[in-house]
Amino acid sequence: TNRLMTGNFNSPVVISPGTTQLFATGRGFSPAGFGELNAASAGDPALFRVLKARNRAAAVLSDLISTDFAGTNDFSHLLDPYDNPLFSTPEPEQLELERGIGGRTLRAAKDVARMIALGRNGLGLQRQIFFIGMGGFDTHGPQATDHPRLLRELSLTLGSLQQAVDSLGIADEVTLCTLTDFGRTLGNNGTGTDHAWAGHNLVVGGAVNGGQMIGRMPDLRLGGEDDTSSKGRMIPGLAIDQYLATLTSWFGLADSDAAQLF
C-alpha cells in the first residue's frame, strides 16, 4: 500500500496477479452468506460497524472478481514485440538474455488492464489508482546480470499496458508513471551499486506531453557538485511530492489544496 491510494473514505484492495477468487469456496464458504452475516445492526458498537462494512465490501468485491473480472478480455489477441500474446513472458532466447525475466510484473499489468476494461463497463468507477510493485532493484550485485532483466520486464510491462489501453480507445484517460524508494550510486562496489538518493522516473500516456525530460541533468562526476559523497549519490532536483502533486492535479486536485494534501 502507499499514501497515494489511501483516502478519507476508502483504502486499497490488495490482490495477487492472476487472482480470480478472493475467498476459497471449496469447503462451502459463501461470499453472499459472509455478506449477510456482516449486515449492519442498530446496536453495533463503532468498531463492529467499521469491520462489518469492510467485510460487506469484500464480499461484493469477491463476487465482482469471480464473475465479471474473470470474464473480461485477456488481450491475448494482441501481440508483444516478440510476436507473443500480450502480457506473456518471452523466453530467454527471444530476449537475448542468459536468464529469463520473472514475469510477475507483466501478469500484474495484465490484471490492471482487465480491471480498467471492467471499470468502463458500467461499474461507475472513477479516478482509479492501480499500483504494481516490482522488486529486485536493490542491486548490490551482480548488477550486470540482473539489471538488464529488470529493465526488460519494466519496458515490456509499460509497453504492453499502453498497448492494451490504446486498444480500449482510452489512451488519453490513463497515465502510467513509475515511483521508486531510492536511487543507486553511480560508482560501483565491484559487482553492483549501493543505496543512493536521486533517480529518474517515467511518465507515459496519451495525455502526456512527452518526448522531453523535466528537470536538470546533474553533474555526473563522482564527487562533483551534485554528489553527496564520492560514490555518486546524486541530490534530487525535484521532490517526489512535486511529482505526485502534478499527477493529482490531472485528477482534478486544485493547486490551493496540494500543500495540505502533501
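In the predicted model, Lys52 is in contact with Leu37, Asn38, Ala39, Ser41 and Asp44, when its neighbours within four places in sequence are left aside. Lys52 lies in helix H2, and with a relative accessible area of 15% this lysine is buried, because the cut-off for a buried residue is set at under 20%. The other buried residues of H2 are Ala59, Leu61, Ser62, Leu64 and Ile65, and the buried residues of this helix pack against H1 and H4. Helix H2 itself has 21 residues, and the distance from its first C-alpha to its last is 31 Å, close to the 30 Å expected at 1.5 Å a residue.

One of the buried residues of H2, Ile65, is also touched by Thr20, which in addition touches Ser66 and Ala70 when residues up to four places away in sequence are not counted. Thr20 belongs to the segment before helix H1, the latter covering residues 31-37. Its relative accessibility is 38%, so Thr20 counts as partly exposed. Between Thr20 and Leu247 there are 30 Å in space, C-alpha to C-alpha, for a separation of 227 residues in sequence.

Leu247 is among the buried residues of helix H6, together with Tyr243, Leu244, Ala245 and Thr248. The cover over these buried residues of H6 includes strand E1, residues 175-177, and strand E2, residues 203-205. Helix H6 runs over residues 240-251, and its twelve residues should span 16 Å at 1.5 Å a residue, which agrees with the 17 Å found between its end C-alpha atoms. Just after H6, Gly252 takes a positive phi of about 115°.

A comparable description applies to helix H5, whose 26 residues should span 38 Å at 1.5 Å a residue, in agreement with the 37 Å that separates its end C-alpha atoms. Just after H5, a positive phi of about 75° is taken by Gly169. On the other side of this helix, in the loop between H4 and H5, lies Pro142, and the peptide bond that joins Gly141 and Pro142 is cis, with omega of about -10°.

Helices H4 and H5 also take part in the second largest pocket, in which about 160 Å³ of space lies; helix H4 (104-119) and helix H5 (143-168) are the elements that give two or more residues to its lining. The largest share, three residues, comes from H5. The lining consists of Ile101, Gly102, Gly103, Arg104, Thr105, Gly133, Met134, Gly135, Arg149, Leu150 and Glu153. Sorted by class, these lining residues are three nonpolar, five polar and three charged.

Positive phi values are also found at two residues that are not glycines. Phe87, in the loop between helix H2 (46-66) and helix H3 (92-95), has a positive phi of about 75° although it is not a glycine, and with a relative accessible area of 4% Phe87 is buried. Glu96, placed in the loop between H3 and H4, has a positive phi of about 60° and is likewise not a glycine. In contrast to the buried Phe87, Glu96 counts as exposed, its relative accessibility being 72%.

For the protein chain as a whole, the secondary structure comes to seven helices and two strands, and from the N terminus on the elements run α-α-α-α-α-β-β-α-α. Along its principal axes, the C-alpha trace spans about 65 × 50 × 35 Å. Of the 262 residues in the protein chain, 32% are buried, and the chain exposes about 16300 Å², of which carbon and sulfur atoms supply 53%. Among the contacts with a separation of 6 or more, 62% are accounted for by residues 24 or more positions apart.

Notes: Residues numbered from 1 in each chain as written. Predicted model: local features only at pLDDT ≥ 70, side-chain atom pairs only at ≥ 80, totals over all residues. Heavy atoms only, no water. 1 Å grid on protein atoms, 1.4 Å probe; cavity = no way out; pocket = protein on both sides within 12 Å on 5 of 7 lines; lining within 4 Å. Points joined across faces, edges and corners; volume = space filled by probe spheres on them. Helix = DSSP H or I, 4+ residues; strand = E, 2+ residues; numbered from the N terminus. Nonpolar A, V, L, I, M, F, W, Y, C, P; charged D, E, K, R; others polar. Buried < 20%, exposed > 50% of the residue type's maximum accessible area, 1.4 Å probe, protein only. Contact = heavy atoms within 4.5 Å. Areas by Shrake-Rupley, 256 points an atom, 1.4 Å probe, with all protein chains shown as cover. Expected span 1.5 Å × (residues − 1).
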